[in-house]
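These are my notebook entries on a structure I looked through piece by piece. I wrote down what I looked up and what I found.

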Amino acid sequence: MAAIELTGLSTVYPNGVRAVDDLDLSIDDGEFFALLGPSGCGKTTLLRTIAGLERSSSGTISLGGGDVTRTDVGKRGVAMVFQDYALFPHMTVAQNIAYPLRVRRASKQAQQDAASTTSAGLGLAELLERRPAQLSGGQQQRVALARAIAMEAQVLLLDEPLSNLDARLRLEARTFLKRLQRELGLTTVFVTHDQAEALALADRIAVMADGRIRQLGTPKDVFQRPADTFVANFIGSTPMNLLTGTAHDGFVEVAGARLASPDLSLADGTKVVAGIRPEYLAPAAEGITGTVSIVENLGVTSLVTLECPGDVLVGLTVPEHEEPRVGTAMTAAPAPGRLLVYDAETTRLL
Amino acid sequence: MTFHAMLRRTLYTVLIAALLAFFAIPMLWLASAPFDSDPGVGLRWPDWTLDNWRITFEHPYALGSLLNSIVLCAVATLVTTVLGTLASYALSRVRIPGRDALLYVLLLLSSVVTGTAAMVPIFVMMFQLGLINSQYATGLVIAGGMLPAAIFILKDFIDSVPRSYEESARVFGASPGQVLLHVVLPVARPGIATIMVWAFVQAWGNFLLPFLLLRDVSGQPAAVLLRTLKDEGGSANLTVIPVFSLLYAIPVVALYLFVSKRYGFRFHGGIKA
């Protein structure tokens, strides 16, 4: 078990792409940490650099206080589960789980013991003699986790741990993964492009874009107060409304409406972007008015799209049975304290 | 059934029968002639005897040549498989400029290198190296001719082994040797087995190279000796040839059956199982 400390870390590919760009990050001992971002943002490269599969171009990586920047892969005490699990198809489940011990030339007895104790903890005891091809996706994932745990590493890295499972199984696996991490208390870093996964699992999230961290914080921070419009757009299962407008007398004027600004110090005429989550908008007497153009059923709630003056589209969610009719006019206002104002030029939160 | 349909069907059956006979009759000859008291070039129900076998076994070079074939093929197969696997692994994993061009040029040249065009230079080279009549050296030359094709085919197999297998093994601390031994070789095993059988069969049937490079009759493999099996009168020795041919065919068939049963000839890629 160990904390991870990255300072000034860059990973540049031979073709000149800066996949990880001068990145500082510290991950606490025992923390469940998510690297979140769209594909190509460098999150997987960062994970692979921590594992040692990619050479960092500059900066340092330290694990548990020891500098491992130039340590070879496999000697860092880092276990990793790959997106496709990478279970060896010619080995049984037991052989797969015991593989880290086989590499170290541990005795056959030690290998068997490791396979049976680790598999028991993950509900795989019955499957030890099977081959990976004879397992379901969820079982394969647990074998891959068991193999990583059997390595007794200080740090566990997971590359898109849930993406190869179907939607139903994914929820089960998510709960399982969170419980497992709590029980093991192992410093765990996982990569995902799915914001819901990151919000549900992680203690802290780093939202990445272009090889840099855009925001670092708890799921609550990241969801409630996205640091810039990129994060605001990326986090949340329904996209946040980002409405351009101007500041005036403590109000922001967007989509033909005047909304009370959370920041009263804004100079008149400042170009801003107002961010409101559809979940935080509710029908009201005063506020943003528009014509209901689309109603999408999300189960417990429905997502209503309003067409507002100036061809601006605003989304809000309404409880079931309260869906408005398409074509009718509707007015909605943000819940108190939920309106976020971003600088239109820097895209940063004001 | 109309007359036309019947005619068509009859013609079709006759054609298939003729084609079948064309391939089946030599096989039947091979099965029956070794046991016939008076084997000819025609096919007939044998007059059973084992005399041909006794005479073949007493032939001064027959059994020795089969042994020579086995040595020659073992060398050629081993060298082709081992070097082919290592080379194709490297070519599959390391990005070098012009890699594909290199592979195609190798493949193209390989048909020249051990083809008829290069016979004289190869002979002269081997002569000057003092390697005429060396079975091991001949095996090496045969392997050299097979390597490009072997690398070309094996590279495809190894390309289809996901890299995450190797990376996973490396994260668990495996050395490059362990990665190769524990992961790459077992996963690419069907491909390697295919190349092994292919190399063995190619070398087993190779006539020209051993004919040129092994001048001593006692060192010649079966494929070359077969040509010299003549009786005192100078015509084909039909007592020895059928038995010898049958013996000559057995290893290839046996190898095919063994490998097919043990590993199965399957090709990766394309369709997800």
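Entry 1. I began with residues 4-235 of chain A, where the chain is 36% helix and 25% strand and where the end C-alpha atoms are 25 Å apart. I kept in mind throughout that this is a predicted model. I then looked up the record for this stretch, and an unreviewed UniProt entry annotates residues 4-235 of chain A as "domain: ABC transporter".

Entry 2. Next I traced a sheet in chain A, and I found an open sheet of six strands in the order β6-β7-β8-β3-β9-β10, with mixed pairing. I asked myself why one side of β6 and of β10 of chain A is left without a neighbour in the sheet. β6 (78-81) and β10 (212-217) of chain A stand at the edges and each has a single partner strand, so one side of each has no neighbour there. I also noted that neighbouring strands of this sheet are turned by 20 degrees against each other on average, when direction is ignored.

Entry 3. I looked at one pair from the sheet in more detail, having reminded myself that strands of a sheet pair through backbone hydrogen bonds, either parallel or antiparallel. Strand β7 (residues 155-159) and strand β8 (residues 187-192) of chain A pair in the parallel sense, over five bridges. Within this part of the sheet, I saw that Leu158(A) stands opposite Phe190(A) in β8(A). Helix α5 (residues 137-150) of chain A packs on the sheet and touches β6 and β7 of chain A, and its direction makes about 175 degrees with that of β6(A).

Entry 4. I then turned to where the chains meet, and I noted that the contact takes 19 residues from chain A and 14 residues from chain B. On the side of chain A that touches chain B, β6 and α3 (99-103) of chain A each supply at least two residues. By class, that side of chain A has 14 nonpolar, two polar and three charged residues.

Entry 5. In chain B I looked up two helices, α9 (residues 189-205) and α12 (residues 240-262), which pack at an angle of about 175 degrees with their axes 11 Å apart. α9(B) and α12(B) are therefore roughly antiparallel to each other, as an angle over 145 degrees counts as such. Among the residues that meet are Phe200(B) and Trp204(B) in α9(B), and Leu255(B) and Tyr256(B) in α12(B). The contact of α9(B) with α12(B) has 10 nonpolar, no polar and no charged residues.

Entry 6. Last, I noted that the domain assignment of chain B gives domain 1 (3-49) and domain 2 (61-262), and that their C-alpha centres lie 34 Å apart.

Note on methods:
Residues are numbered from 1 along each chain as its sequence is written. Chains are lettered from A and ligands numbered from 1 in the order in which they are written. This is a predicted model: local features need pLDDT of at least 70, side-chain atom pairs count only at pLDDT 80 or more; totals for chains, interfaces and linings use all residues. Two strands pair if DSSP finds at least two bridges between them. Helices (H or I, at least four residues) and strands (E, at least two) are DSSP runs, numbered from the N terminus. Axes are lines fitted to C-alpha atoms, for helices over the stretch in contact, and angles run from 0 to 180 degrees between N-to-C directions. Two residues are in contact if their C-beta atoms, placed from the backbone, lie within 7 Å. Angles under 35 degrees count as roughly parallel, over 145 as roughly antiparallel, 65 to 115 as roughly perpendicular and the rest as oblique. Ala, Val, Leu, Ile, Met, Phe, Trp, Tyr, Cys and Pro count as nonpolar, Asp, Glu, Lys and Arg as charged, and the others, Gly among them, as polar. UniProt positions are given in the numbering used here, feature names are shortened, and annotations may be inferred rather than shown by experiment. Domain bounds come from an automatic or database domain assignment.
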